Amino acid sequence: MRTQEGHAERVAAVRERFGRGGYESRTRRLAEIDARLASTGTTLESATADQLGRRRPVAVLEIGFGWGPALIELAWRFRAEPVTFAGINLERKKPVKRSEDLTAVAEALDLVPAERIGELRPPDVHFYDATTLHFADESLDLVYSAVTLRFIADKVRVVEEVARALRPGGRALLDVGERGWEYPRGPATDPMMLTEHPSYLVLHHRLEVVPLGDWFAFAGGERFTICVPSGPRCVIDVTKHAPGRLDAGLRLDPERTIPMRKFPMPPGRRHPSNSVVRSAYELAPERMGAFAAR
Ligand SMILES: C[S@@+](CC[C@H](N)C(=O)[O-])C[C@H]1O[C@@H](n2cnc3c(N)ncnc32)[C@H](O)[C@@H]1O
């Protein structure tokens, strides 16, 4: 296979940009993303292989792919298999504005041997807000995301969209936040902040906070298994069993959805980057009876 005209120039441009530094938060490798998702007990390679064991072809999506190293590494590992890879970023900007640019990133960041770069099928790239996914119902087998949901105010809408687009048997691994996220059930410790835990996602019912794992396990119903495993990072792990949508039974609480910079961090903890949002939701009152009786 031949590489596109201008490939060498694109590789040089990516190398030059990367060499300037400051792009660590957009160029995490597969191993780093796997480490962030580790509480789910799988790696992205295993999760992709599991899907291939169920059906062929398999469609994989990364939400918030940055420069795309993790997607590229997966696309390279599964180059001989019927797996398609795609990514969504909010903004179309250098160095990845189109799919071919990932071939240049692959070579510039040494993700694929230069002499074999023509064998890489670059993932598709899309640029829009992932709170509305432009994917048909039941069209994806594996969806993952790292260091991205934290920037989105309506995180649960993304989870519902991902759940809609998953095929039965499909799985989603969505990283939401950092250590200290696990808050205990009970009365809010503050009417605005709800909990002292620096969680980027908090659920409450009339100022009684409810742990994520408890609510999502219930809200998944028969169609979905939704786990939020205990661990250093908050990751939502969704498996779909039957066609249909997820109604998470959560209403965004705009008053308590705030930039994390306004949150009083625990001693010794720095604020995360400016654009990280603490999202608060109220539990749907009509689901409370069934939740209590579960
Ligand atoms: C900090 S980067 C992380 C990139 C990559 N996952 C990594 O860890 O290297 C966040 C990414 O999320 C994407 N993003 C932020 N908000 C988004 C949204 N609402 N919809 C889709 N992508 C979004 C940005 O375009 C960016 O690529």
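1. In this predicted model, the largest nonpolar core holds 80 residues, and those touching the most other members are Val-105, Val-143, Val-159, Val-162, Leu-174, Leu-203 and Ile-236. Helix α6, residues 155–165, gives the most to this core, contributing six residues.

2. For Leu-203, once its neighbours within four places in sequence are left aside, the contacts are with Val-209, Val-210, Leu-212, Trp-215, Leu-250, Tyr-281 and Leu-283.

3. Helix α6 is itself mostly covered, with nine of its 11 residues buried; among them are Val-156, Val-158, Val-159 and Val-162, but also Lys-155, Glu-160 and Glu-161.

4. Seven strands form an open sheet with mixed pairing, in the order β3-β2-β1-β4-β5-β10-β9. Because β3 (124–127) and β9 (224–227) stand at the edges and each has a single partner strand, one side of each is left without a neighbour in the sheet. On average, and with direction ignored, neighbouring strands of this sheet are turned by 15 degrees against each other.

5. At the β9 edge, the partner is β10 (residues 234–240), which runs antiparallel to β9 and is joined to it by four bridges; one bridge pairs Cys-227 with Asp-237 of β10. Helix α6 packs on the sheet, where it touches β4 (140–145), β5 (166–177), β9 and β10, and its direction makes about 160 degrees with that of β5.

6. Around the ligand there are 19 residues, of which the closest are Arg-28, Gly-64, Gly-66, Asn-89 and Ala-130. By character, this shell divides into nine nonpolar, six polar and four charged residues.

Notes. Residues are numbered from 1 along each chain as its sequence is written. This is a predicted model: local features need pLDDT of at least 70, side-chain atom pairs count only at pLDDT 80 or more; totals for chains, interfaces and linings use all residues. A nonpolar core is a set of buried Ala, Val, Leu, Ile, Met, Phe, Trp, Tyr and Cys residues joined through C-beta atoms within 7 Å. A residue is buried if 20 or more other C-beta atoms lie within 10 Å of its own, exposed if 12 or fewer, and partly exposed in between; C-beta atoms are placed from the backbone. Helices (H or I, at least four residues) and strands (E, at least two) are DSSP runs, numbered from the N terminus. Two residues are in contact if their C-beta atoms, placed from the backbone, lie within 7 Å. A residue is near a molecule or strand if its C-beta atom, placed from the backbone, lies within 6 Å of it. Ala, Val, Leu, Ile, Met, Phe, Trp, Tyr, Cys and Pro count as nonpolar, Asp, Glu, Lys and Arg as charged, and the others, Gly among them, as polar. Two strands pair if DSSP finds at least two bridges between them. Axes are lines fitted to C-alpha atoms, for helices over the stretch in contact, and angles run from 0 to 180 degrees between N-to-C directions.
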